[in-house]
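Reader: Hello! Could you take me on a close look at a single part of this model, namely the strand pairing and what goes with it? I'd be glad of one connected account.

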Amino acid sequence: MKIRRGQILALLLPTALLLFGTATAQATAHRHLPFEADSVCSPMAVVLREERLAGGRLHDLPPLEDGDILVTPCAHTFGWRHGHAGIVVNAAEGLTVEAVSIGTRSAVSSVRHWRTYPTFTVLRLKDADPVTRRAAGLYAQNHLVDLPYRLTSGLREKEPAEAACCHCAYLVWYAYRQFGYDLDGDGGHLVTVADLASSPYLEAVYQAK
């Protein structure tokens, strides 16, 4: 049986991330991020851990608009602080579409859980009318829900005609790519939360900290 290059990468990447994450965790064991003092780190899935505000505290949410992108650094797997992202699909009802972790599928979620992160940022497409931003949100809701979570999404083929899998940052990227916007800040094959945050097409309209 012939094994293709993309299949090899899909098999090796999780192991590489595990090794990289372990080394990163060891190297940063004594370095604390600013938000960690007032937060609690808890397991959220089999390999995922997230920081949440301690003592039941909640951040206020700003007025959100359809198509807004939420990002936070408060998620890590095997020591790799990859963060998390979601796209607002119905601001009036407080709904997002998000891909959370390995072993789950993308789903519509309530924006309320973002209030529990110690820090998060709301990003918005620059110089674009609300119709375009709303269309990206609707695309995510109509086409990017119930997809399996894969760390390797976009690695073999970054822009397939139809997404068959996703992770949190790739989901947001793919939705906006359908309308001509490439939100990958460094243009690589693997879209990360940091790539979204550094995109020149986005501006931060709110930051909770």
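Author: Happy to. One cut-off helps at the start: two strands count as paired if DSSP finds at least two bridges between them. With that in hand, β1 and strand β2 (residues 48-53) qualify, since they run antiparallel and are joined by five bridges. Please keep in mind that this is a predicted model. The protein chain has a mean pLDDT of 86, with 82% of its residues at 70 or more. Two stretches call for care: pLDDT stays under 50 over residues 5-12, where the model has six contacts beyond four places in sequence, and again over residues 14-31, where there are eleven such contacts. Where pLDDT is low, predicted coordinates should not be read in detail.

Let's begin with the sheet that holds β1. This open sheet has three strands in the order β1-β2-β4, and their pairing is antiparallel. Its edges are β1 (39-43) and β4 (75-77), each of which pairs on one side only. On average, and ignoring direction, neighbouring strands here are turned by 25° against each other.

Ser 39 gives a residue-level view of that edge. Ser 39 sits in strand β1 and stands opposite Leu 53 in β2. Is Ser 39 buried or exposed? With a relative accessibility of 15%, Ser 39 counts as buried, because the cut-off for buried is under 20%. Beyond four places in sequence, Ser 39 touches Glu 51, Arg 52, Leu 53, Ala 54 and Pro 118.

Arg 52 turns up again in the contacts of His 113, which touches Arg 52 and Glu 98 when residues up to four places away are set aside. His 113 belongs to the loop between β7 and β8, and its relative accessibility of 22% makes it partly exposed. The C-alpha atoms of His 113 and His 59 are 9.9 Å from each other, although these residues are 54 apart along the chain.

That loop brings us to another sheet. Here six strands form an open sheet with antiparallel pairing, in the order β7-β6-β5-β3-β8-β9. The edge strands, β7 (107-110) and β9 (202-208), each pair on one side only. The average turn between neighbouring strands is 35°, direction ignored. Within the sheet, β3 and β8 pair in the antiparallel sense through three bridges, and Leu 70 stands opposite Val 122 in β8.

Which helices lie across these strands? One is α3, which lies across β3, β5, β6 and β8 and runs at about 45° to β5. Another is α2, which lies across β5, β6, β7 and β8 at about 105° to β5. As for α3, nine of its ten residues are buried, so this helix is largely enclosed by the rest of the structure. Among the buried ones are Leu 171, Val 172, Ala 175 and Tyr 176. The buried residues of α3 pack against β3, β5, β6 (95-98), β8, α2 and α4.

This packing leads to the largest nonpolar core, of 32 residues, in which Ile 69, Ile 87, Ala 140, Leu 144, Leu 171 and Leu 183 touch the most other members. Elements giving two or more residues to this core include β3 (69-72), β5 (84-90), α2 and α3 (168-177). The largest share comes from α3, with nine residues. Leaving aside neighbours within four places, Ile 87 has contacts including Leu 95, Val 97, Ala 136, Ala 140, Leu 171, Val 172, Ala 175 and Tyr 176. Apart from that core lies another, of ten residues, among them Leu 70, Cys 74, Trp 114 and Tyr 117.

Finally, a polar detail on α2. Arg 133 lies in this helix (residues 130-143) and is buried, at 7% relative accessible area. Its side chain makes a polar contact of 2.5 Å with the side chain of Glu 65. Beyond four places in sequence, Arg 133 touches residues including Asp 66, Asp 68, Arg 124 and Tyr 176, and Tyr 176 is one of the buried residues of α3.

Terms used. Residues numbered from 1 in each chain as written. Predicted model: local features only at pLDDT ≥ 70, side-chain atom pairs only at ≥ 80, totals over all residues. Heavy atoms only, no water. pLDDT = per-residue confidence, 0-100. Contact = heavy atoms within 4.5 Å. Helix = DSSP H or I, 4+ residues; strand = E, 2+ residues; numbered from the N terminus. Buried < 20%, exposed > 50% of the residue type's maximum accessible area, 1.4 Å probe, protein only. Polar contact = N/O pair within 3.5 Å; in protein donor to acceptor, adjacent residues only side chain to side chain. Axes fitted to C-alpha atoms, helices over the stretch in contact; angles between N-to-C directions. Core = buried A, V, L, I, M, F, W, Y, C linked by side-chain atoms within 4.5 Å.
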